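Reader: Before I rely on the descriptive terms used for this model, I should like to see each one set against its cut-off. Please take them in turn.

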Amino acid sequence: MSDKLRILIVDDDQRMARTLKDILTVKGHEAVVAHSGHEALEKMAETHFDCLLSDIKMPGINGVELFRAVRKTRPDLPVVLMTAYAHDELIKDGLEEGILAVLAKPLDINALLGFFAALRKEKSIVIVDDDPVFCKTLGDILQARGFVVNEIVQPAGIVDKIQPDSLVVLLDMKLNGLSGLDVLKEIRERCPSLPVIMATGYREETTQSIEAALKIGAYTCIYKPFQIEELLQLLAEINRQKLARILGRTIKKK
């Protein structure tokens with residue numbers, strides 16, 4: 001993703017929208033303003049945006065309704081809503097349906113800028129597997145989908161090669177002379193919050209190890225051969241949880 005984000009700001013309060021646009025422009029982003037849900041949809045039909053930042057209470061299409069309309073064509077688009085009102089049923093529905101967070105006005109600008117910084121950061125994935133063909137094949141697929149991939153096929157010094165700010169580690173349960181469970185324990189000591197997905201082609205053989213891995217904080221376990229679309233959905237969910245936490249919201253794992 002480019003260092004410059006293209007952000008659509010939707011707010012019928014023209015002063016608020018202008019102020020946000022000025023702040024984001026100064027910080028190096030490209031901000032576009034719409035003053036209604038209808039205008040926002042028109043602009044989205046013409047331009048690709050990296051994020052939608054919308055007020056909730058607006059005449060015509062409200063923020064949640066706008067999110068629902070956008071989701072039909074851009075289900076991957078991060079959506080953050082703003083409100084000057086207390087939480088109500090509308091907000092609750094939006095959060096349950098996939099809105100990243102609802103921010104209270106006046107906005108915490110530092111938190112918002114931190115969110116945008118994380119949003120434009122490249123999504124890095126570490127694949128730890130002693131099968132170089134598997135690593136290369138999966139790595140090429142993920143790179144084609146926009147991820148930065150670090151492939152580790154040699155068991156020696158695995159943890160030293162993992163960056164703590166990676167999005168996720170995909171860790172095989174059985175490595176050459178090394179247990180994936182032991183590697184996970186090391187990762188947990190150094191990077192307690194780094195999501196780790198365990199992978200194995202030996203479902204029955206590794207049942208106890210998988211249970212142990214989940215108990216010490218593995219995100220989940222997937223079984224080879226796995227469907228790439230399922231993996232991509234899993235990665236998207238992990239990224240969504242990460243972004244939501246920056247905005248002060250915890251999303252429970254599905």
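Author: Buried means under 20% relative accessible area, exposed means over 50%, and partly exposed lies in between, with a 1.4 Å probe and protein chains only. The model is predicted: local features need pLDDT of at least 70, side-chain atom pairs count only at pLDDT 80 or more, and totals for chains, interfaces and linings use all residues. Residues are numbered from 1 along each chain as its sequence is written, and side-chain values use heavy atoms, without hydrogens and water.

Reader: Why is Thr206 said to be buried or exposed?

Author: Thr206 has a relative accessibility of 4%, so it counts as buried. The residue lies in the loop between strand E11 (196-200) and helix H8 (207-215); helices (H or I, at least four residues) and strands (E, at least two) are DSSP runs numbered from the N terminus. Contact means heavy atoms within 4.5 Å. Leaving aside neighbours within four places in sequence, Thr206 is in contact with Met173, Lys174 and Thr200.

Reader: What makes the rings of Phe115 and Phe116 a pair, and of which kind?

Author: Rings of Phe, Tyr and Trp (its six-membered ring) pair if their centres lie within 6.5 Å; planes under 30 degrees apart count as stacked, over 60 as edge-to-face and the rest as tilted. Two aromatic pairs result from this rule. For Phe115 and Phe116 the centres are 5.4 Å apart and the planes stand at 55°, so this pair is tilted. Phe115 is buried at 0% relative accessibility, and Phe116 is buried at 0% too.

Reader: Why is the pair of Phe134 and Phe226 given its name?

Author: Their ring centres are 6.1 Å apart and their planes are at 90°, so the pair is edge-to-face. Phe134 belongs to helix H6 (residues 132-144) and Phe226 to the loop between strand E12 (220-223) and helix H9 (228-246), so the pair ties together parts 92 residues apart in sequence. Phe226 has a relative accessible area of 18% and is therefore buried.

Reader: How do you know how H1 lies relative to H5?

Author: Axes are lines fitted to C-alpha atoms, for helices over the stretch in contact, with angles from 0 to 180 degrees between N-to-C directions. The axes of H1 (residues 14-26) and H5 (residues 109-120) come within 12 Å and cross at roughly 50°. Angles under 35 degrees count as roughly parallel, over 145 as roughly antiparallel, 65 to 115 as roughly perpendicular and the rest as oblique; H1 is therefore oblique to H5.
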